[in-house]
Amino acid sequence: MQNKAIFSKDFLLVAIGQIISLFGNQILRYALPLYLLNQTGSSVLFGTILACSFIPMILLFPIGGIIADRVNKRNIMVILDFGTAILIFLFCLLVGKIDVVPLMTITMIILYGIQGAYQPAVKASVPVLVDTENIMQANSVVDLISSLAGMVGPVVGGILFSIVGLAPILYVSIGCFFVSAVMEMFIHIPFEKRQVKGNMFITACNDLKVSFSFMFKEQPVLWKLSLIFASINLFLTSLVLIGVPVLITQHLGFAANTANRLYGFAQGIIAAGCILGGLLAGLLSKKVKSKSGPFLLMGCALSILLAGGALQFLRGPMEIYIVMLMGCALMLTLSTLFQIQIMTYLQILTPIELTGKVISCVMCVCICTNPFGQFIYGIVFEKIGSSTYLPFYMAALIMMGISVFTRRIFYRMDHLLLS
């Protein structure tokens, strides 16, 4: 029998490949939008391009899930990492030679689209590589790696960006994707080729039909949970993604180089919150129950309320910076724990042959709110003037309402897991 322990060679190679690839991805996702914000000074353009970047990711999540169930997941990871390295190499050749706005838009759209096809393969490989009782711990490792890359990448990117500019970040990221792709070539992920009936378009449509039928008819609790997590992305995560860089670089009064460096540190601190959430998910995997969901949502609301209070009542820029980041980091700690819970329950309740497709559908529902939220918050922070605390208060109030009115869904999940 194949070894499916959490620290098997193949799972470790997936994890190490993720560390390298996600580090390269995170420094890019930090540096490219910040470069655009510095060049244009427009929060509307900043939010709009980030929003547009998420659209191909949303569209490619279902396609990525279908491919992950029908193609060797290792090959998907290898091809997409090599493809990302080529993409950034082409960006290096063109930056400074053509208008930055269309170049940045196209690059960000392709970069996020690749991630949309990449992540379902990674998520779908977890239940294949580890035993059922280790799935939540394995998910916590995967999310921990993502959060660690999100912490280290922006800090390193912030230092490099403020000292030597964009070019070194591009070169480092190319190296990361290339090394990750080579390493992933040595991973063995069990794969059984499935016969394709008819053309690929009909097959894809049938696969999606089966996935949505499973979510809406056989396990309707899954789409309800995905909508709850989507609300976190819409009201809270989008607020942090747009609000934090705009506030630090344009509203708190820091000098340009200091603001860029502080934004890099902010990304690291916020990602540290995600790391803590991943660690807690691993440590408490046997203790955290689905009934804790409403309390995690309420904690997210109170955390973002803390950030809003800092903006309204504190006066010193550094004081506001520190307390605001504490609130945002705590919110992401709790939301990460909540996300890992949802992903674990989904993997437990979904048959192996549907895992990639169902995961991609759930992730698509969760992420599709990001572009809308980022676009709206970009406009809000452009027009709101000095009342920057109001979006934080409104988001906290809405999330408190969601936590109260969704308690029955979590009790239903608890019943399903016990049956």
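In this predicted model, the second largest cavity has a volume of about 30 Å³. Its lining is formed by L225, S290, F338, Q341, I342, Y345 and F410. Helix α11, which covers residues 317-349, supplies four residues and thereby the largest share of this lining. Sorted by class, the lining of the second largest cavity holds five nonpolar and two polar residues, with no charged residues.

The search that located this space covered the whole structure and found two cavities of 30 Å³ or more. Rolling a probe the size of a water molecule over the atoms shows where empty space is left. The largest cavity contains about 1200 Å³ of space. It is lined by 44 residues, and those closest to its centre are Q26, R29, S146, T237 and Q339. Helix α8, residues 220-251, gives the most to the lining of the largest cavity, with a contribution of seven residues. By class, that lining consists of 26 nonpolar, 15 polar and three charged residues.

The protein that surrounds these cavities has 15 helices and zero strands. Of its 419 residues, 58% are buried. The accessible surface of the protein amounts to about 17300 Å², and carbon and sulfur atoms account for 70% of this area. Contacts were also examined by separation along the sequence. Among those between residues at least 6 apart, 88% join residues that are at least 24 apart.

Several individual residues illustrate such contacts. Two of them belong to helix α1, which spans residues 9-40. N25 lies in this helix and has a relative accessible area of 1%; the cut-off for a buried residue is under 20%, so N25 counts as buried. Residues up to four places away in sequence being left out, N25 touches L111, Q115 and F177. L13 is also placed in helix α1. Its relative accessible area is 17%, and because this value is under the 20% cut-off, L13 is classed as buried as well. With sequence neighbours up to four places away not counted, L13 touches M183, F186 and I187. The C-alpha atoms of L13 and M185 are 9.6 Å apart in space, although the two residues are 172 residues apart in sequence.

Helix α6, residues 167-184, contains A181, and I169 has its place in helix α6 too. The relative accessibility of A181 is 0%, and therefore A181 counts as buried. A181 is in contact with V78, D81 and F82, apart from residues up to four places away in sequence. From A181 to I76 the C-alpha to C-alpha distance is 9.9 Å, with their positions 105 residues apart in sequence. I169 likewise has a relative accessible area of 0% and is buried. Beyond its neighbours within four places in sequence, I169 is in contact with I27, A31, G157, L160 and F161. The C-alpha atom of I169 is separated by 8.5 Å from that of G24, a residue 145 residues apart from I169 along the chain.

Helix α11, already named for its share in the lining of the second largest cavity, also contains C328. With a relative accessibility of 0%, C328 is buried. The contacts of C328, residues up to four places away in sequence not being counted, are with V240, V244, I270, I304 and A307. C328 and C300 are 28 residues apart in sequence, and their C-alpha atoms are 8.7 Å apart in space.

The geometry of one further helix was examined. Helix α13 runs through residues 369-383 and has 15 residues. The distance from its first C-alpha to its last is 21 Å, close to the 21 Å expected at 1.5 Å a residue. The buried residues of α13 are T369, N370, P371, G373, Q374, Y377, G378 and F381. Just after α13 comes G385, with a positive phi of about 70 degrees.

Definitions and conventions: Residues numbered from 1 in each chain as written. Predicted model: local features only at pLDDT ≥ 70, side-chain atom pairs only at ≥ 80, totals over all residues. Heavy atoms only, no water. Helix = DSSP H or I, 4+ residues; strand = E, 2+ residues; numbered from the N terminus. Buried < 20%, exposed > 50% of the residue type's maximum accessible area, 1.4 Å probe, protein only. Contact = heavy atoms within 4.5 Å. Areas by Shrake-Rupley, 256 points an atom, 1.4 Å probe, with all protein chains shown as cover. 1 Å grid on protein atoms, 1.4 Å probe; cavity = no way out; pocket = protein on both sides within 12 Å on 5 of 7 lines; lining within 4 Å. Points joined across faces, edges and corners; volume = space filled by probe spheres on them. Nonpolar A, V, L, I, M, F, W, Y, C, P; charged D, E, K, R; others polar. Expected span 1.5 Å × (residues − 1).
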